[in-house]
Protein chains: 2
Amino acid sequence: MQNSNHPIPTVYDVAERAGVSRGTVDRVLYQRGRVSEQSRQKVLRAVEELQYKPNSNASRLARKKEYLFSCIIPQFNEGEYWGEINNGFLEAAALLSERGVRLRLHFYDQTDVKSFLAESNAALDDKPCGIIMNAVFRDEVTLFSQQLDELGLPYAFIDNKIDETHYALYYGVDPYKSGELGAWLLSLRFPPKEIALVRLLRDSSQRADPNRPRRHGFTDYINKHFPDCTVHTVFIDPKDSCSTQKTLEKFFAEHPGIRHIGMTNSRIYLLEKYLSKHPDPERIVVGFDDLRKNLDCVKKGYVSALVTRHIPEQSKLLLTDFAESVISRRAPKRRDHYVHMDILTRMNLDNY
Amino acid sequence: MQNSNHPIPTVYDVAERAGVSRGTVDRVLYQRGRVSEQSRQKVLRAVEELQYKPNSNASRLARKKEYLFSCIIPQFNEGEYWGEINNGFLEAAALLSERGVRLRLHFYDQTDVKSFLAESNAALDDKPCGIIMNAVFRDEVTLFSQQLDELGLPYAFIDNKIDETHYALYYGVDPYKSGELGAWLLSLRFPPKEIALVRLLRDSSQRADPNRPRRHGFTDYINKHFPDCTVHTVFIDPKDSCSTQKTLEKFFAEHPGIRHIGMTNSRIYLLEKYLSKHPDPERIVVGFDDLRKNLDCVKKGYVSALVTRHIPEQSKLLLTDFAESVISRRAPKRRDHYVHMDILTRMNLDNY
DNA sequence: AGAAATTGCGTGCGCGTGCACGCAAATAAA
DNA sequence: TTTATTTGCGTGCACGCGCACGCAATTTCT
C-alpha cells in the first residue's frame with residue numbers, strides 16, 4: 001500500500017534529491033546524452049531511495065510513440081481456427097491501443113507459397129517493431145526469419161514454430177502431447193480394438209502438413225498402450241460433404257467393429273452428418289479445437305470429447321506478452337509457452 | 001486500421017468543428033455546468049463525425065483520480081485456495097495501477113463471525129468506490145450488502161454469492177455443476193458400486209458450509225445415474241494428519257470393495273499419505289481445485305482427476321471487470337460469470 | 001594565449017485533458 | 001433605467017514527462 005505521507009515521486013523530486021536538474025535525471029534514465037559519472041551516481045541513488053517509477057500515462061502522452069506489430073497468418077473463413085486466433089489478436093490490440101500498440105494483419109493462402117512470400121514482404125514494408133507469424137512453409141519461414149535476424153527485428157511464433165530460428169516468443173500447444181491426450185481420452189472408457197483415424201484429403205500443391213506431430217502423438221500413444229489395436233485411416237474431402245458421407249458410409253460398413261473414432265485436425269464437425277445418421281451409444285469420438293461447430297457437436301452428443309485450448313486466449317496472450325517485451329526492451333521471462341490443454345465434454349461445456 | 005490522413009482527433013478538433021470552445025465540449029461530454037441546447041447538439045454531432053474518444057493517458061494524467069477497491073476475503077496460509085484468489089487480485093491490481101486503481105485487502109477468520117463484521121466495517125472506513133467479498137456468513141453478508149445498497153456502493157461477489165442481494169458482479173464456478181462433473185469423472189471408467197465421500201470435520205462454531213451445493217451436485221449425479229451405488233461418508237480432521245490416517249485405515253478396512261473416492265472440498269491432498277501407503281491400480285480418486293499440493297498428487301498418480309478453474313484467473317478477471325465498470329460508470333455487460341471448469345489429469349497437467 | 005571544439009547540464013515547450021476562474025450577455029429584480 | 005442575478009461560454013493553468021535548444025565551463029587545437 002502506498003504510504004500516504006509520501007505521494008508518488010516525480011522527476012522533480014528525484015532531481016531535487018540528487019541536486020541536479022530534470023534534464024540530467026532524464027539523461028541518466030534513458031542513457032541519452034552525456035552525464036558526469038558523479039551526477040549519474042547521485043541520480044541513481046535518488047531513484048533508488050525514492051523508488052521512482054516514471055508515470056506511464058504522462059510518459060506515453062509526451063512520447064506519442066507508436067508500436068506497430070505485423071501479423072502474418074493464414075486466411076480463414078468465419079468461425080475457423082485462424083479466425084479465432086485473429087479475434088484474440090484484435091482483442092489484445094484493443095486493450096493495448098492506449099499504450100500505443102498498433103496492429104497490421106496480413107493473410108496468406110496456406111496452399112500457396114507465393115502468397116506467403118508476398119505477405120511477408122508486405123509485412124516488412126510496414127516497418128513494424130515486431131512480427132508475429134506461424135510456420136507452415138518451413139523453408140520459406142526459416143529464410144524469412146534469417147532476414148529478420150539481420151534487420152534486428154524481433155519475431156514471435158503462434159500455434160507452431162521452427163526451433164532453429166531465433167524467435168523471441170512462442171505460444172501454442174505441444175502438438176505431440178495434445179495428440180497423446182486425445183488418444184488417452186479416446187481409450188479411457190474401454191480399451192480400443194480398432195480405431196478409425198479420419199484425415200483430410202489435401203491437394204498435391206500443399207506441401208506442409210501442420211498436423212503431423214499431433215497425429216504422431218496420437219498414434220504413438222495407441223501403439224504403446226494398446227499394441228493389439230489397429231488404427232485404420234480414412235481420408236475425407238473437406239470441401240465435399242457428399243463424398244465425405246459416402247466415404248464414411250462405405251468405410252464403417254466394412255469395419256463394423258469400430259467403436260473409437262479420432263480426428264487430429266480441427267474439423268471433427270465434418271463427421272456430424274454421418275454420426276447423426278448412425279447413432280451408437282457405445283461409440284467414442286474425440287476431436288480437437290474449440291470451433292463453434294465442434295462445440296455444437298459435443299453439445300448434441302455426437303462428439304464425446306474435444307482437446308483444445310481457448311484459442312483466442314492464446315493469441316491474445318502472445319500479443320500482450322510480445323508487445324510488453326518490445327516496449328520495455330526486455331526479453332520475455334519465458335520464451336516457449338506451451339499453453340494448457342483443456343478437456344471439453346458435455347459436462348463442462350456451458351461456460352466455455 | 002487508423003487512417004493516416006486523419007490523425008486521432010482531440011478536443012480542439014471537436015471544438016473547432018462545432019464552432020465552440022474546448023470548455024463547452026468538456027461540459028457536454030461530462031454533463032458539467034450549463035450549455036445551451038444548440039451548442040450541445042453541435043458538439044455531439046462533431047464528436048460523432050470525428051469519432052472522438054478522449055485520450056485516456058492525458059485524461060488520467062490530468063484527473064489524478066484514484067479508484068480504491070476493498071476486498072474482504074478469508075484468511076489463508078500460503079498455497080491455499082484463498083491465497084490463490086489473493087494472488088489473482090494482486091496481479092490484476094498491478095496491471096490496473098496505471099489506470100489509478102488501488103486495492104485494499106481485509107482478511108477475516110472463516111470460523112468467527114465477529115471478525116467478518118470487524119473487517120467489513122474496516123472496509124467501509126476505507127471509503128472505497130467498490131467492495132469485493134465472498135459470502136460465508138449468509139445473514140451477516142446480507143445485512144452488510146443492504147448497508148452498501150443504502151450507501152450506493154457497488155459490490156461484487158467472488159467464489160460464491162447471495163442471489164437475493166443487489167451485487168454488481170459475480171465470478172465463480174457453478175458449484176452444483178462442478179459437483180456433477182466430479183461425479184461424472186469418478187464414474188467414467190467403470191460404474192461405481194460403492195463410493196467413499198471424504199469430508200472435513202468442522203468445529204461447531206462454524207455455521208457456514210460453503211461446500212454444500214457442490215456436494216449435492218456430486219451425490220445427486222451419483223444417485224441419479226447409479227441408483228444402486230452406496231455413498232459412504234467419512235469425516236477426517238484437516239488439522240490432525242495422524243488421526244486422519246487412522247480414520248482412513250479403519251474405514252477402508254471395513255469397506256474393502258470401495259474403488260471410488262471423492263472429496264468435494266479443496267483438500268484432496270490430505271489423502272496423499274493414505275493413498276501412497278495403499279496403492280491400488282483400479283482405484284479412482286477425484287478432487288477439486290488446483291492447489292499446488294493437489295496438483296502434486298495428480299502428478300504422482302494418487303489422484304486421477306481434479307475439477308477446477310484456474311483460481312487466480314477468476315479473481316483477476318473479477319477485479320478487472322469490476323474496476324472497468326466502476327470507472328466507466330456503466331453496468332457490466334454480464335452480471336454472473338460462471339467460469340469454465342477445467343478437467344485436470346496427469347495427461348494435461350504440465351502447463352497449468 | 002586565443003580560437004575552436006567538446007562536455008555537462010539547465011530550461012522551455014508541447015503532449016491532450018480536467019477543472020476552476022471569470023467575463024459578457026441575457027434576464028430578473030429594484 | 002439602474003442594479004443584481006443568472007446563464008452560457010472562453011481561457012489559463014496544472015498534470016508528469018520527453019525532447020531539443022542552447023549556455024557555460026572545460027578541454028583541445030592552432
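**Two protein chains and two DNA strands: a predicted model**

Good morning. Of the atoms of DNA strand C that lie within 4 Å of the protein, 63% are part of sugar or phosphate, and the rest are part of bases. Before I continue, please note that this is a predicted model, in which local features need pLDDT of at least 70, side-chain atom pairs count only at pLDDT 80 or more, and totals for chains, interfaces and linings use all residues. Residues are numbered from 1 along each chain as its sequence is written, chains are lettered from A and ligands numbered from 1 in the order in which they are written, and side-chain values use heavy atoms, with hydrogens and water left out.

Let me stay with DNA strand C. A residue is called near a strand if one of its heavy atoms lies within 4 Å of it. There are 28 residues around DNA strand C, and those that come nearest are S21(A), S39(A), V11(B), R22(B) and R32(B). By class, this surface has 11 nonpolar, eight polar and nine charged residues. Here Ala, Val, Leu, Ile, Met, Phe, Trp, Tyr, Cys and Pro count as nonpolar, Asp, Glu, Lys and Arg as charged, and the others, Gly among them, as polar.

Which elements supply at least two residues each to the surface near DNA strand C? They are α2 (22–30) and α4 (56–63) of chain A, with α1 (11–18), α2 (22–30) and α4 (56–63) of chain B. Helices (H or I, at least four residues) and strands (E, at least two) are DSSP runs, numbered from the N terminus.

I turn to individual atom pairs. A polar contact is a pair of N or O atoms within 3.5 Å; within protein, one must be able to donate a hydrogen and the other to accept it, and residues adjacent in sequence count only if both atoms are side-chain atoms. The side chain of R22(A) has an N or O atom 2.7 Å from a base oxygen of DNA strand C. S39(A) places a polar side-chain atom 2.7 Å from a phosphate oxygen of DNA strand C. For N55(B), a polar backbone atom is 3.3 Å from a phosphate oxygen of that strand.

Now to DNA strand D. Among its 26 surrounding residues, V11(A), R22(A), R32(A), Y52(A) and S21(B) come nearest. Of the atoms of DNA strand D that come within 4 Å of the protein, 66% belong to sugar and phosphate. The surface near DNA strand D has 10 nonpolar, eight polar and eight charged residues. R22(A) appears again, with a polar side-chain atom 2.6 Å from a base oxygen of DNA strand D. On chain B, polar side-chain atoms of T24(B) and S39(B) lie 2.8 Å and 2.6 Å, respectively, from a phosphate oxygen of DNA strand D. Two or more residues of this surface come from each of α2 and α4 of chain A and α2 and α4 of chain B.

How are the two chains related? Two copies of a chain are related by a rotation about an axis and a shift along it. In this model, a turn of 180° and a shift of 0.0 Å along the axis lay chain A on chain B with an RMSD of 0.1 Å. That is the relation of a two-fold axis. The superposition is by least squares on the C-alpha atoms of residues with pLDDT of at least 70 in both copies. The same surface serves both copies, as 100% of the contact residues of chain A recur in chain B; contact means heavy atoms within 4.5 Å.

Next, the domains of chain A. An automatic or database domain assignment gives domain 1 (11–62), domain 2 (65–172 + 311–338) and domain 3 (175–308). The C-alpha centres of domain 1 and domain 2 of chain A are 35 Å apart.

I close with some single residues. Is Y171(B), in strand β5 (residues 169–172) of chain B, buried or exposed? Y171(B) counts as buried because its relative accessibility is 7%; buried means under 20% relative accessible area, exposed over 50%, and partly exposed in between, with a 1.4 Å probe and protein chains only. Its side chain makes a polar contact of 2.9 Å with the side chain of D321(B).

In chain A, H337(A) lies in strand β11 (residues 336–338) and is buried at 12% relative accessibility. Not counting residues up to four places away in sequence, H337(A) touches L169(A), Y170(A), Y171(A), G172(A) and D321(A).

Finally, D289(A) sits in the loop between β9 (284–288) and α12 (292–300) of chain A. Its phi is near 75°, a positive value in a residue other than glycine, and D289(A) is buried at 3% relative accessibility.
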